[in-house]
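Reader: Please take a close look at one part of this model, the helix that comes at the start of the chain. I would like to know what it packs against and what else it takes part in.

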Amino acid sequence: MHNQQHIKKALARTLYHYRLARNLKREYVAQALGVSKSTIDKMEQGAHPLRFADVHNYCCALQVPFASFLADYQNELNRLSGFTAIAQAEVA
């Protein structure tokens with residue numbers, strides 16, 4: 001099982017990565033989501049509590065397939081937690 005800090009950090013890093021990969025400013029994402037730039041900052045720092053719908057809407061604003069986002073999030077979470085594909089297979 002993953003700890004809460006790793007979960008928050010992986011989610012924040014993945015949000016940030018996708019925005020940067022698309023060369024989008026926080027202001028653009030904030031406007032698309034109807035929130036403040038400060039809220040985007042907090043989301044990308046793991047300091048803003050996120051609901052499932054928040055993450056889904058963020059992905060829609062960036063035109064990122066949600067399934068792709070979730071896969072990259074899981075990879076980042078596993079990296080932070082020190083999980084490997086072999087270790088995951090052994091747990092399953």
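**The helix α1**

Author: In α1, the buried residues are Ala 10, Leu 11, Ala 12, Thr 14, Leu 15, Tyr 18 and Arg 19. The model is a predicted one. A residue is called buried when its relative accessible area is under 20%. Cover for the buried residues of α1 comes from elements that include α2 (26-33), α3 (37-45), α4 and α5.

The length of α1 can be checked against its residue count. With 18 residues at 1.5 Å a residue, α1 should span 26 Å, and its end C-alpha atoms are 26 Å apart, so the two values agree.

The helix also takes part in a pocket. The largest pocket holds about 260 Å³ of space. Its lining is made up of 17 residues, and those closest to the centre are Ile 7, Lys 8, Leu 11, Leu 50 and Val 55. Leu 11 is thus named twice here, as a buried residue of α1 and as one of the residues closest to the pocket centre. Two or more lining residues come from each of α1 (4-21), α4 (52-62) and α5 (66-81). The largest share is that of α1, with five residues. Sorted by class, the lining has 13 nonpolar residues, three polar ones and one charged one.

After α1 comes a loop, and Asn 23 lies in it, between α1 and α2. The phi of Asn 23 is near 55°, a positive value in a residue other than glycine. Most residues other than glycine have a negative phi. Asn 23 has a relative accessibility of 70% and therefore counts as exposed, the cut-off being over 50%. A second residue can be set beside Asn 23: Gln 63, in the loop between α4 and α5. Gln 63 has a positive phi near 55° and is likewise not a glycine. With a relative accessible area of 69%, Gln 63 is exposed.

Some figures for the whole chain give the setting of α1. The chain has six helices and zero strands, in the order α-α-α-α-α-α along the sequence. It has 92 residues, of which 33% count as buried. Among contacts with a separation of 6 or more, 68% join residues 24 or more positions apart. The exposed area of the chain is about 6,000 Å², and carbon and sulfur atoms supply 55% of that area.

How values were computed
Residues are numbered from 1 along each chain as its sequence is written. This is a predicted model: local features need pLDDT of at least 70, side-chain atom pairs count only at pLDDT 80 or more; totals for chains, interfaces and linings use all residues. Side-chain values use heavy atoms; hydrogens and water are left out. On a 1 Å grid over the protein atoms alone, a cavity is a set of points where a 1.4 Å probe fits but cannot get out, and a pocket is an open set with protein on both sides within 12 Å along at least five of seven lines; lining residues have an atom within 4 Å of a point. Grid points are joined across faces, edges and corners, and a volume is the space filled by probe spheres set on the points. Helices (H or I, at least four residues) and strands (E, at least two) are DSSP runs, numbered from the N terminus. Ala, Val, Leu, Ile, Met, Phe, Trp, Tyr, Cys and Pro count as nonpolar, Asp, Glu, Lys and Arg as charged, and the others, Gly among them, as polar. Buried means under 20% relative accessible area, exposed over 50%, partly exposed in between (1.4 Å probe, protein chains only). Contact means heavy atoms within 4.5 Å. Accessible areas come from the Shrake-Rupley method with a 1.4 Å probe; for residues, only the protein chains shown count as cover. The expected span of a helix is 1.5 Å times one less than its number of residues.
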